[in-house]
Amino acid sequence: MVKAVVLGAAGGIGQPLSLLLKANPAIDELGLYDIVNTPGVAIDLSHIATPAVVTGFLPPNDGLKHTLTGADVVVIPAGVPRKPGMTRDDLFKINAGIVKDLATGIATYAPKAFVLVISNPVNSTVPIVAEVFKKHNVYDPKRIFGVTTLDVVRASTFVAELIGKPGSAPDVVVPVIGGHSGVTIVPLLSQSSHPLPSDISADAFAALVKRIQFGGDEVVKAKDGAGSATLSMAYAGAEFAGKILRALKGEKGIVVPSFVPLAADPAGAAALTKELGAELEFFSSNVELGAEGVVKIHPLGRLTEGEAALVKAAVPELTTNIKTGTTYVLEKY
Ligand code: NAD
Ligand code: LMR
């Protein structure tokens, strides 16, 4: 029996994500939690004829406890989204507290669950979850994942468009490494399953990299004050959760980028640290998943000069973002 939980289930991401998870036959029980509207979302989804039994809770009467008890996988899209003119870091003030409280709930009621963090800024909220788990003596670095799948999905889509084969998007695989914000998002286009045209201009190449790094801004701008990516994020979140569930059920060899604690694989971390020329506690590289979580963190592999420069530019910002998250828990709680 597999129980998946969505915290923030009534939100812009939470609702379509919960719908996609309800449609996943690998899930037997789907627990939904939000500070508003969860009962309605849960009843609505419960009429869909798929195996998952749906429950929905609000905070009163131990709602978080009831939602989390027995959870194998917990996905967190709770928190405020960006408006035009804001960076993801601007969300930290509000979202840090939300993620810290929810992580405390998970540490208390579902300490063995795989935790998939969507709430921004991911580069800082994942370290918050890790520190809260450490404080509760339940830290297992193999089970905490920052969801960077939307960057991977965007890279597939944009590369497929650029090579003039939009229909091939589902087959295009581009490792996107680093973190999840601006310059920390590093697409390794030289490792794309579908090579770019050899005569691509420097400007077109730079524009592609920029579009992958700042795809979130494109959506925020188009939504014009009504929030950030929700539907594409729900798709990406369900994709990643689906892979986690397959690994949990024993499938081997699933490899995807995710922003994870490097302590999950000390040998992989050592190799990665050498490549990065810097010691980071968290990084998104290709990660092999298994029934116990992270099995192996893969090295970056051969980089072009341009990619090496992007990685170099990402490291200082990642270092600051990670410290912001870690310090928040260490100093305040
Ligand atoms: P939203 O405002 O539509 O939904 C957020 C939901 O969280 C709301 O329903 C709200 O009630 C709920 N919530 C707030 N505090 C809560 C708490 N303490 N416990 C439970 N639920 C709580 O926002 P959204 O568009 O769904 O975005 C959610 C978050 O996801 C934002 O931080 C956004 O930046 C982030 N995001 C991340 C990615 C990514 O790639 N990782 C992509 C898109 C959005
Ligand atoms: C995204 O990449 O779309 C999300 O991180 C939301 C945002 O703020 O851009």
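Where in the chain does N137 sit? Select N137 and you land in the loop between helix 5 and strand 6 (144-146). Keep in mind as you click around that this is a predicted model.

**Stop 1: two asparagines with positive phi**

Stay on N137 for a moment. Its phi is near 55 degrees, a positive value in a residue other than glycine. Most residues other than glycine have a negative phi, and most peptide bonds are trans. N137 counts as exposed because 8 other C-beta atoms lie within 10 Å, and the cut-off for exposed is 12 or fewer.

Now jump to N61, in the loop between strand 3 (53-57) and helix 3 (63-68). Here again phi is near 55 degrees, positive in a residue other than glycine. N61 has 8 other C-beta atoms within 10 Å, so it is exposed.

While you have that loop on screen, add P60, which lies between strand 3 and helix 3. P60 has 6 C-beta neighbours inside 10 Å and therefore counts as exposed. For a long measuring line, run one from P60 to R246: their C-alpha atoms are separated by 33 Å, with the two positions 186 residues apart along the chain.

**Stop 2: the cis bond**

Go to N120 and P121 next. A cis peptide bond joins these two residues, with omega about -5 degrees. P121 is in the loop between strand 5 (114-117) and helix 5. Leave N120 highlighted, since it turns up at the ligands too: N120 is listed around ligand 1 and around ligand 2.

**Stop 3: ligand 1**

Which residues come nearest to ligand 1? Select G8, G11, G12, I13 and N120, the nearest of the 34 residues around this ligand. Colour helix 4 (residues 92-109) as well: it supplies the largest share of the shell, four residues. If you colour by class, the shell around ligand 1 shows 19 nonpolar, 12 polar and three charged residues.

**Stop 4: ligand 2**

Slide over to ligand 2 and select P81, R82, R88, N120, L150, G216, V219, V220, S228 and A229, the residues around it. Which helix gives the most to this shell? That would be helix 8 (residues 215-223), with three residues. By class, the shell around ligand 2 divides into five nonpolar, three polar and two charged residues.

**Stop 5: helix 5 against helix 11**

Two packed helices are described by the angle between their axes and the distance between the axes. Show helix 5 (residues 122-135) and helix 11 (residues 305-332): their axes come within 7 Å and cross at roughly 35 degrees. The crossing of helix 5 past helix 11 is right-handed. To see what makes the contact, select N123, S124, T125, V126, P127, I128, E131, V132 and K135 on helix 5, then L318, N321, I322, T324, G325, T326, Y328, V329 and L330 on helix 11. In this contact you'll find nine nonpolar, seven polar and two charged residues.

**Stop 6: the annotated domains**

Zoom out and colour by the UniProt record. An unreviewed entry there places "domain: Lactate/malate dehydrogenase N-terminal" at residues 3-146. Over that stretch the chain is 39% helix and 18% strand, and the end C-alpha atoms are 20 Å apart.

Then pick a second colour for residues 148-327, where UniProt (unreviewed entry) places "domain: Lactate/malate dehydrogenase C-terminal". This stretch is 48% helix and 16% strand, with its end C-alpha atoms 22 Å apart.

**Stop 7: a few single residues to finish**

Select P195, in the loop between strand 8 (185-187) and helix 7 (202-213). P195 has 12 C-beta neighbours inside 10 Å; exposed means 12 or fewer, so P195 counts as exposed. Measure from P195 to A160 and you get 9.9 Å, C-alpha to C-alpha, for residues 35 apart in sequence.

Next up is L19, in helix 1 (residues 14-22). With 15 other C-beta atoms within 10 Å, L19 is partly exposed. The C-alpha atoms of L19 and S46 are separated by 9.8 Å, and these residues are 27 apart along the chain.

Last, head to A271 in helix 10 (residues 266-276). Buried, exposed or partly exposed: which is A271? A271 is partly exposed, with 15 other C-beta atoms within 10 Å. One more line to draw takes you from A271 to A10: they are 261 residues apart along the chain, and their C-alpha atoms are separated by 41 Å.

Notes
Residues numbered from 1 in each chain as written. Chains lettered and ligands numbered in written order. Predicted model: local features only at pLDDT ≥ 70, side-chain atom pairs only at ≥ 80, totals over all residues. Near = placed C-beta within 6 Å. Helix = DSSP H or I, 4+ residues; strand = E, 2+ residues; numbered from the N terminus. Nonpolar A, V, L, I, M, F, W, Y, C, P; charged D, E, K, R; others polar. Axes fitted to C-alpha atoms, helices over the stretch in contact; angles between N-to-C directions. Left-handed = near helix turned anticlockwise from the far one by under 90°. Contact = placed C-beta atoms within 7 Å. UniProt positions renumbered as here; feature names shortened; annotations may be inferred. Buried ≥ 20, exposed ≤ 12 C-beta atoms within 10 Å, placed from the backbone.
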